[in-house]
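Grab a coffee and have a go at these short exercises. Try each one on your own before reading the solution.

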Amino acid sequence: MIIINAIIMGLFVILCLCMISEGINHSLEKELNKQKDLNKQLIGLFQNEKSKTDTLYKIIFHIRDELSLLKLKDCPEEEFKNIPFEIIDWIDLLNKANSNDGENDGIYKQV
């Protein structure tokens with residue numbers, strides 16, 4: 001009788017340990033899924049900021065290239081007149097890219 005009680009007690013303890021282990025595993029799995037979701041959001045934010053930064057640099061380099069035309073002695077008069085208006089457009093693009101608030105609408109493709 002004592003042996004049967006010991007076996008039943010042992011089985012009960014093993015069953016309880018298995019249930020506790022499953023509960024811990026389930027909690028850890030839920031936490032891992034939450035961390036994966038946060039990582040995806042973080043990567044998305046990083047890629048969006050990288051796109052905005054790339055856009056800003058492309059626009060700045062384009063402005064620099066266009067302004068370097070002013071140094072040329074043979075700069076066409078029409079080009080000379082258009083440069084200030086183009087600069088205003090580029091600044092508007094910079095403003096639009098900077099005020100995007102996390103939305104990637106492909107501004108960098110326009111440059």
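Below are four exercises on this predicted model, each with its worked solution.

**Exercise 1.** Work out how many helices and strands the protein chain has.

Solution. Go through the chain and you'll find two helices and zero strands. Next, look at burial: of the 111 residues, 14% count as buried. As for the accessible surface, it comes to about 9400 Å², and 64% of that belongs to carbon and sulfur atoms.

**Exercise 2.** Decide whether Thr 55 is buried or exposed, then look for a partner for its side chain.

Solution. Start by placing Thr 55: it sits in helix H1, which covers residues 2–68. Its relative accessibility is 2%. The cut-off for buried is under 20%, so Thr 55 counts as buried. Now check its side chain: a polar atom there lies 2.8 Å from the backbone oxygen of Ser 51.

**Exercise 3.** Find which residues form the largest nonpolar core.

Solution. The core has five residues: Ile 59, Ile 63, Trp 90, Leu 93 and Leu 94. Then sort them by element: H1 and helix H2 (77–98) each give two or more. H2 supplies the largest share, with three residues. As background, nonpolar side chains in soluble globular proteins tend to be buried together.

**Exercise 4.** Classify Val 13 as buried, partly exposed or exposed, and name the patch it helps to make.

Solution. Val 13 belongs to helix H1. Its relative accessibility is 42%. That value falls between the 20% and 50% cut-offs, so Val 13 counts as partly exposed. Finally, Val 13 joins Met 9, Phe 12, Leu 17, Ile 20, Ile 24 and Leu 28 in a nonpolar surface patch of about 720 Å².

Notes
Residues numbered from 1 in each chain as written. Predicted model: local features only at pLDDT ≥ 70, side-chain atom pairs only at ≥ 80, totals over all residues. Heavy atoms only, no water. Helix = DSSP H or I, 4+ residues; strand = E, 2+ residues; numbered from the N terminus. Buried < 20%, exposed > 50% of the residue type's maximum accessible area, 1.4 Å probe, protein only. Polar contact = N/O pair within 3.5 Å; in protein donor to acceptor, adjacent residues only side chain to side chain. Core = buried A, V, L, I, M, F, W, Y, C linked by side-chain atoms within 4.5 Å. Patch = residues over 30% accessible without salt bridge, like charges linked within 9 Å, V, L, I, M, F, W, Y side chains within 5 Å. Areas by Shrake-Rupley, 256 points an atom, 1.4 Å probe, with all protein chains shown as cover. Salt bridge = Lys/Arg side-chain N within 4 Å of Asp/Glu carboxyl O.
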